[in-house]
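This report concerns the cysteines and the ligand site of one protein model. Please consult the sequence and structure below while reading.

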Amino acid sequence: MNTLWKVSADSFVNEKESIMRMGNVYQIANGYMGYRGTLDEFGPDELVGITIAGIFDRVGDSWREPVNAPNGGYTKLTVDNNDVSALTTSVKSHTQNLQLENALFNRETTYEVAGKTIVVNSSRFLSADTPNLGVIKYSLTTDKAAKVMINTGIDCNIWDLNGKHLVNLRLENRDNVLLVHAETNELGKRVAVAEMIDIDFGKCKHEIADNKNLHTIELETEAGTTYTFYKYFAVFTENDTVASVNDAAIKNVTEAKLAGYEKCLNDHNAQWTKKWQYCDVEIDGDDEAQQALRYSIFQLLIVAPVNGSANSIPARALSGQVYKGAIFWDTEMFMFPFFLYTYPEKAVELMRYRIKTLDGARRKAKTEGVGFEGAFYAWESQDDGDDACTYFNIGDPNTGRDLRTHFRDKQVHISGDVAIAMWEYFKLTEDDTLLLEGGAEVILECARFYFSYAYYNTNKNRYEILDVIGPDEYHERVNNNAFTNMVAKATFEIANKTVNYLKHKHPDAFKTLIQKINISGELHRFVEAEKLIYIPEPNNEGVIEQFDAYFKLKDTSIKELKATMIHPNEYLGAGQGLAVPTKVIKQADVVMMLNMFKTRYSKEIKKVNWQYYEPRTEHGSSLSACAYAMVATEFGDLDFAYEYFLKTAKIDIEAKYKVYVGTIFMGGSHPAANGGAWMTAVFGFGGVSADENQVTINPRLYTKWNKLQFNLVYKGDRFTVKITRGAVEILPLTMNKNSHTFIVSGQSVVCAPGNVVFIK
Ligand code: BGC
């Protein structure tokens with residue numbers, strides 16, 4: 001197999017930290033659930049996790065978090081009555097790999113036990129065709145005849161960060177289908193896992209253990225013979241629209257077993273072929289970048305929500321319960337563009353999620369601070385849209401106390417991020433169903449929120465946004481954060497466009513909507529606010545002040561600042577945080593704004609601000625480097641852009657990230673950075689941007705690369721773009737419906753269905 005399509009390891013390191021990181025790197029997922037890259041015989045101490053998308057639970061006062069399912073993929077062996085496990089048995093050799101073309105996890109381990117060797121092989125996938133289903137092929141071979149006992153079934157010892165989320169666990173054996181079903185602790189939602197095996201060893205003893213969660217198979221092996229069996233497991237929850245989760249899970253595994261492993265795998269592979277056709281990016285001349293970027297794309301594809309689910313993607317994807325499984329602005333600003341430009345049917349789900357949680361955003365607006373109008377989206381959003389972010393969200397390792405943070409109540413840019421994405425979807429797809437099905441309502445409610453949050457400064461005749469946190473979380477409760485003000489302005493602008501569009505195109509729907517939310521008397525305010533909102537402009541040197549009085553803060557270097565830390569995991573923001581009185585910022589803020597609102601700022605302004613803020617940026621968030629990389633491509637520092645592109649693209653494949661912030665465990669994958677890697681390749685080096693009229697390509701091919709090739713979808717039609725040195729080739733699919741205008745390095749071309757366009 002081509003190494004650029006897989007990640008692999010050729011040893012097993014029996015250390016907790018390594019097992020944790022491998023669990024992230026080798027995870028598989030199918031949008032419905034994630035399965036960490038742990039070994040078949042592992043349990044909760046090794047952080048085995050099958051995290052289900054969109055179902056959350058709370059135990060007592062602990063953090064509410066996603067529910068992990070009982071592990072239907074569990075198998076453990078004994079050889080001549082000795083337990084076999086990579087943790088306790090002598091491992092002679094171990095290899096494992098993850099195939100990126102179809103999200104297949106494989107491991108092969110040779111153990112030495114009781115003077116014999118046993119080779120264990122397994123492959124597993126979570127079906128991309130049947131979202132509730134997981135399938136495993138498991139084989140074993142001994143070098144000498146041995147008495148082998150296979151314990152396989154559903155492990156009910158679940159790894160949870162904050163509690164025991166499944167209660168009333170019931171175990172049943174229904175005609176050799178193992179069934180575990182339970183309810184969630186908080187809301188009593190039903191969850192079921194069914195498991196079935198397909199075993200054909202000839203002579204062996206197959207029983208279901210007394211507690212009914214395991215099959216026990218006793219087998220006298222012959223030396224050198226390989227024994228293979230198949231496992232099918234299904235997870236269902238009350239969020240699935242089925243009459244009975246138990247029956248649905250049983251039916252699912254029964255049908256899968258009947259279809260057989262090869263058929264299940266073929267159906268799964270067919271889906272993956274489609275995904276890569278839509279989404280792959282090829283970099284010729286740089287294997288390191290190619291593999292890291294492909295892995296990043298893979299990470300996004302495995303967690304893309306199931307069609308029709310109206311689920312979104314959490315900040316740590318489905319790699320566990322870290323960050324409460326919550327959805328942040330990460331999704332709209334960093335992941336959504338990838339889906340919008342390659343796989344819009346998934347972008348739609350991300351937006352439907354925001355429509356689904358609009359009431360939660362309304363509740364938050366009413367109850368936060370002095371109480372506001374409209375929709376204030378949760379900083380950390382779960383199934384209901386209420387905010388999972390606590391007011392004391394970070395533990396201080398020095399004192400053991402929780403720090404008051406204002407992420408929840410002051411990071412108001414989240415609502416505008418949602419509105420912007422909603423409008424982008426419409427702009428680039430021309431599909432207005434989303435607007436009509438709640439998207440327009442979201443946009444208007446977000447504008448309403450900003451209007452009620454804004455302060456009208458009579459002396460200056462302008463609207464200001466006071467007391468906020470911008471993307472840089474180290475400076476809380478600041479006034480007129482340039483990024484936030486721009487986002488609010490964009491929201492007013494989008495709200496005004498939405499009103500105009502609906503009024504003309506869908507007058508009835510418009511009327512119904514404004515009546516429903518009783519907003520007609522407020523619409524003129526959005527027009528006024530769009531004009532009068534204060535946007536900090538560049539000073540004489542061209543630098544935009546991040547927020548009022550930022551320039552007055554102490555100019556300390558990051559190195560000096562860090563030298564004064566007492567604890568290595570100490571948080572630099574909040575209250576007395578070391579960065580608070582200084583200009584040191586956590587992540588791209590002004591630069592993030594320059595990247596988002598590209599056309600508003602000149603190359604010179606981008607360069608000056610980039611040079612000013614970069615040395616002051618800690619890049620303490622995985623969202624930071626890609627923003628700096630993209631802006632650097634615009635003013636031509638491709639070497640820097642490349643360095644930060646690689647840093648972003650390699651974050652999850654290398655898994656060298658920090659695992660604790662304060663006292664909070666943060667290990668898990670980084671889908672925002674994965675999206676940032678794709679954006680840097682396509683928007684940055686590819687120079688792609690699009691609006692309602694055209695697609696623009698201003699290639700900035702990195703010196704090391706011979707070719708950058710990617711796929712795009714624009715207004716429902718698909719294109720492959722090949723950028724080589726000095727030339728761009730656009731290949732519209734023959735089945736495209738319309739011709740579209742592309743502006744390539746200033747040259748306008750029309751791309752008709754099936755007509756390849758070559759521009760030199
Ligand atoms: C960043 C936020 C981000 C969150 C989740 C924080 O460290 O500062 O911008 O949304 O992580 O990724």
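## Cysteines

How many disulfides are there? In this predicted model, the count comes to zero disulfides. Cys 446 is in no disulfide, and the nearest cysteine sulfur, that of Cys 389, is 18 Å away. A disulfide requires a pair of cysteine sulfur atoms within 2.5 Å.

Is Cys 446 buried or exposed? Cys 446 counts as buried, because its relative accessibility is 0%. Cys 156 is buried as well, with a relative accessible area of 18%; the term applies because buried means under 20% relative accessible area.

## Ligand site

Where does the ligand sit? The ligand occupies the second largest pocket. The residues that surround the ligand are Ala 315, Tyr 323, Phe 328, Trp 329, Asp 330, Trp 379, Glu 473, Lys 586, Gln 587, Ser 621 and Leu 623. By residue class, this shell comprises six nonpolar, two polar and three charged residues.

## Polar contacts and coverage

Which side chains place a polar atom beside an oxygen atom of the ligand? Among them is Gln 587, with a polar side-chain atom 2.5 Å from an oxygen atom of the ligand. For Lys 586, the corresponding distance from a polar side-chain atom to a ligand oxygen atom is 2.7 Å. For Glu 473, a polar side-chain atom lies 3.0 Å from an oxygen atom of the ligand. On its own, the ligand has 310 Å² of accessible area, of which the protein covers 94%.

Technical notes
Residues are numbered from 1 along each chain as its sequence is written. This is a predicted model: local features need pLDDT of at least 70, side-chain atom pairs count only at pLDDT 80 or more; totals for chains, interfaces and linings use all residues. Side-chain values use heavy atoms; hydrogens and water are left out. Buried means under 20% relative accessible area, exposed over 50%, partly exposed in between (1.4 Å probe, protein chains only). A residue is near a molecule or strand if one of its heavy atoms lies within 4 Å of it. A polar contact is a pair of N or O atoms within 3.5 Å; within protein, one must be able to donate a hydrogen and the other to accept it, and residues adjacent in sequence count only if both atoms are side-chain atoms. Accessible areas come from the Shrake-Rupley method with a 1.4 Å probe; for residues, only the protein chains shown count as cover. On a 1 Å grid over the protein atoms alone, a cavity is a set of points where a 1.4 Å probe fits but cannot get out, and a pocket is an open set with protein on both sides within 12 Å along at least five of seven lines; lining residues have an atom within 4 Å of a point. A molecule sits in a cavity or pocket if more than half of its atoms lie within 2 Å of its grid points. Ala, Val, Leu, Ile, Met, Phe, Trp, Tyr, Cys and Pro count as nonpolar, Asp, Glu, Lys and Arg as charged, and the others, Gly among them, as polar.
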